[in-house]
Amino acid sequence: MKIKTAAAPLFFLLMVTSCQKEEKKTAVTTTKTTNDSVKTTKTEEKIDYTNFNIFSLSSISSAEKDSDVDFFISVSDIFNETPPIPADILKNQKQMSFEELQHFELDAPGRKKLLSGIHLTENDSLYIYNYQSNKLQKRPVSQLKAVAYLSPYMSDSEELDPESYMIGFQVENHRKITDYDKYDNAIAYFGNKNPFVENKMKAVKWQKASTDISKKYFSHSKLTQGKTYQSQYENITYYLQDYLEEGNITERKLVAINDRKEKVAEKTFSLAGSDGGEFLPLYGIDADEANVFQWTGHLFKGKSPVIFGFIAQSFGCPSISFLDKKEKDFPINCDNRH
């Protein structure tokens with residue numbers, strides 16, 4: 001079974017492949033911000049961001065037909081109980097073909113356990129927002145199939161147990177394999193209100209910045225300073241500084257400057273301590289419009305603008321960062337197991 005995770009910020013490494021219990025997260029650190037220059041979106045509808053979870057969408061090759069893919073949202077990252085895999089499947093796995101074990105719909109007790117474990121009800125909805133195309137989908141949870149997909153890292157020679165499966169909800173099935181990237185720039189949320197701001201996201205297109213920018217906005221580092229880039233969003237100018245070690249980019253620092261020339265946010269994206277992570281290409285510098293990874297804008301109701309898409313994760317999942325030091329990053333649950 002071939003599998004690819006969409007959303008990417010989200011790049012090809014968001015493949016549903018995770019070592020959650022041993023994951024090494026790439027460092028993303030917010031170091032400084034002020035409050036008067038970054039606008040938050042105004043809305044009458046208040047969203048409860050306590051225990052808030054967002055998800056990537058995965059495309060998985062269909063077990064029945066190699067030319068088809070299924071789209072699936074795994075909620076295994078937040079489901080803290082034993083996955084509700086029907087006992088008869090595990091008991092009879094020796095008599096079943098590997099294709100038959102690939103995926104199946106959960107039975108009624110399994111669905112009930114899944115919903116309870118992630119604090120959802122049949123009256124809630126799934127919201128999928130594609131920030132590239134500005135398309136929002138809303139689907140009742142009651143109309144979604146609760147399913148299990150076998151981890152792509154399991155082989156037909158291994159004994160299967162409940163943890164061998166990713167559990168969640170099927171979004172589409174038997175789509176043409178050419179649609180595999182349909183949800184690359186989309187994120188999903190389950191709940192009773194739509195948390196997404198529509199039509200306020202923008203691809204970050206970079207250009208080289210003048211040499212004086214580096215001295216003006218970036219502090220001295222033991223690493224060697226590399227190239228400096230800039231981009232614009234509304235009244236905010238972004239500057240991005242490369243830092244090198246032995247000729248390789250190991251850190252990037254971002255500062256956001258308002259139209260009064262004030263530094264309103266500063267973030268550091270580092271590969272230090274990561275296992276296999278790498279920096280994603282910059283649109284306008286080393287990537288064209290068909291390969292945009294950095295996005296910015298107003299994405300969540302009542303929150304400050306976001307920016308994300310700098311690092312391709314090998315282990316762990318990416319995060320969405322806010323231009324406000326009081327806001328913690330939102331991790332994108334992606335079931336990245338190995």
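**Close-up views of a predicted model**

Both C317 and C334 are buried in this predicted model. The legends below describe selected close-up views.

**View 1. The disulfide of C317 and C334.** A disulfide is a covalent bond between the sulfur atoms of two cysteines. The structure contains 1 disulfide, and it is formed by C317 and C334, whose sulfur atoms lie 2.1 Å apart. The angle about the S-S bond is -95°, and the link of C317 and C334 is left-handed. This pair joins distant parts of the chain, 17 residues apart. C317 belongs to the loop between β21 (311-312) and β22, whereas C334 belongs to the segment after β23 (330-333).

**View 2. The aromatic pair of F300 and F322.** A pair of aromatic rings is described by the distance of the centres and the angle of the planes. The structure holds 21 aromatic pairs. One of them is formed by F300 and F322, with 6.0 Å from centre to centre and 45° between the planes, a tilted arrangement. Distant parts of the chain are linked by this pair: F300 is in the loop between β19 (295-297) and β20 (306-308), and F322 is in strand β22 (residues 319-322), 22 residues apart. F300 and F322 are both buried.

**View 3. The aromatic cluster and K303.** F300 and F322 also belong to a cluster that is linked by ring pairs. The other members of this cluster are Y49, F52, Y127, Y129, Y189, F196 and F330. K303 lies over the faces of two rings of the cluster: over Y49, K303 is 4.5 Å from the ring centre, and over F322, K303 is 6.0 Å from the ring centre.

**View 4. The largest nonpolar core.** This core comprises 35 residues, and Y165, F169 and F190 have the most contacts inside it. Two or more residues each are contributed by the strands β5 (68-74), β7 (125-130), β9 (145-150), β10 (165-176) and β11 (186-191), and by the helices α1 (87-91) and α2 (108-117). The greatest contribution comes from β10, which gives 4 residues to this core.

**View 5. A separate nonpolar core.** Apart from the largest core lies another, of 23 residues. Among the residues of this other core are Y127, Y131, Y283 and F330. Y127 and F330 are also members of the aromatic cluster shown in View 3.

Note on methods: Residues are numbered from 1 along each chain as its sequence is written. This is a predicted model: local features need pLDDT of at least 70, side-chain atom pairs count only at pLDDT 80 or more; totals for chains, interfaces and linings use all residues. Side-chain values use heavy atoms; hydrogens and water are left out. Rings of Phe, Tyr and Trp (its six-membered ring) pair if their centres lie within 6.5 Å; planes under 30 degrees apart count as stacked, over 60 as edge-to-face and the rest as tilted. Buried means under 20% relative accessible area, exposed over 50%, partly exposed in between (1.4 Å probe, protein chains only). A charge sits over a ring if NZ of Lys or CZ of Arg is within 6 Å of the ring centre and within 35 degrees of the ring normal. A nonpolar core is a set of buried Ala, Val, Leu, Ile, Met, Phe, Trp, Tyr and Cys residues joined through side-chain atoms within 4.5 Å. A disulfide is a pair of cysteine sulfur atoms within 2.5 Å.
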